[in-house]
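Open the model in your viewer and keep the selection tool at hand. We will go from stop to stop.

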Amino acid sequence: MTAAASSRIHDLLDELGIHADPQLFELALTHRSWAYEHGAAPHNERLEFLGDAVLGVVVTEYLYLTFPDHPEGRLAKLRSAVVNTYALADVGRELGIGGLIRLGKGELATGGADKSSILADTMEALIGAIFLSAGRDAASLFVHTLFDHLVQDADALGAGLDWKTSLQELCALRGLPAPVYLHTASGPDHDKRFTAQASVGGRVFDGTLGRSKKQAEQGAAKTAFLALQADEG
């Protein structure tokens, strides 16, 4: 664990004036793999469950109040763009929490400190710990500080908010068949990468790489969408 890794999250909490209970904070950073290696010690999954709910409520309320003219479907897409494993993991990486997470030997050996699923779950657990130890207002402040700009960025994306949906809508508008996706996977089981290509009416577009099939498909849909738009340019 480096000093930089430990300082970012603590500095942010100090800046916001949030005082998290040290024991809850430690629990939020305890992965089940570590707990199982230490006599079935407590781990962070219950805090993760709570934090997930808190995050969803805070982001949903922000969306509702900030975008009064957006229909429900648009609000749901914006929430999905922010409250997901990869967005949460990126926030966790920015805070440097990977080096703080207590992991079992197996997870450490396979790069668990940078796995998106573990980082995302830990971020939710931290939100849950802040909610329990510092209260609703503190948890809301923490979430707003880290996620409001992501909401604003997502709202500015237009078609990029959900490339797969945008591609499907474009194909329907032009009387083209619905897109289908072709997949390949590479890498070891603990760190797989997926390549996806979008195919529309037999035309196969360039592939894109992602950490999951879903992420790769979004990239493939973007490539196809932009190519089809260029055809009309």
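At what angle do helix H6 and helix H9 pack, and how far apart are their axes? Select residues 85-95 for H6 and residues 136-155 for H9. This is a predicted model. In it, the two helices pack at an angle of about 130°, and their axes are 11 Å apart. Angles from 65 to 115 degrees count as roughly perpendicular and those over 145 as roughly antiparallel. H6 and H9 are therefore oblique to each other. Their crossing is right-handed.

Now show the side chains at this crossing. On H6, pick Leu-88, Val-91 and Leu-95. On H9, pick Leu-146, Phe-147 and Leu-150. These residues make the contact between the two helices. Colour them by class: six are nonpolar, none is polar and none is charged.

**Next stop: the strands**

Select residues 180-186, strand S1, and residues 193-200, strand S2. How many bridges join S1 to S2? There are seven, and the two strands run antiparallel. Click Tyr-181, then look across to S2: its bridge partner there is Ala-198.

Follow the chain from S1 to S2. The two strands form a hairpin, with six residues between them. Stop at Gly-187 in the turn, which has a positive phi of about 95°.

Stay with S2 and add strand S3, residues 203-204. S2 and S3 pair in the antiparallel sense, over two bridges. Which residue of S3 does Ser-199 stand opposite? Select Val-204 to see the partner. This pair of strands is a hairpin too, with two residues between S2 and S3. Gly-201 sits in the turn and has a positive phi of about 60°.

Now add strand S4, residues 208-210. Three bridges join S2 to S4, and these strands run antiparallel. Click Ala-196 and find Thr-208 of S4 opposite.

While the strands are on screen, keep one rule in mind. In a regular strand, side chains alternate between the two faces of the sheet.

**Last stop: confidence**

Colour the chain by pLDDT. The average is 91, and 97% of the residues score at least 70. Which elements have the lowest and the highest mean pLDDT? Helix H1, residues 3-16, is lowest at 76. Helix H4, residues 45-66, is highest at 98.

Finish by selecting residues 1-6, where pLDDT stays under 50. The model has eight contacts beyond four places in sequence for this stretch. Where pLDDT is low, the predicted coordinates should not be read in detail.

Methods: Residues are numbered from 1 along each chain as its sequence is written. This is a predicted model: local features need pLDDT of at least 70, side-chain atom pairs count only at pLDDT 80 or more; totals for chains, interfaces and linings use all residues. Side-chain values use heavy atoms; hydrogens and water are left out. Axes are lines fitted to C-alpha atoms, for helices over the stretch in contact, and angles run from 0 to 180 degrees between N-to-C directions. Helices (H or I, at least four residues) and strands (E, at least two) are DSSP runs, numbered from the N terminus. Angles under 35 degrees count as roughly parallel, over 145 as roughly antiparallel, 65 to 115 as roughly perpendicular and the rest as oblique. A crossing is left-handed if the near helix is turned anticlockwise from the far one by less than a right angle, and right-handed if clockwise. Contact means heavy atoms within 4.5 Å. Ala, Val, Leu, Ile, Met, Phe, Trp, Tyr, Cys and Pro count as nonpolar, Asp, Glu, Lys and Arg as charged, and the others, Gly among them, as polar. Two strands pair if DSSP finds at least two bridges between them. pLDDT is the predictor's confidence in each residue, from 0 to 100.
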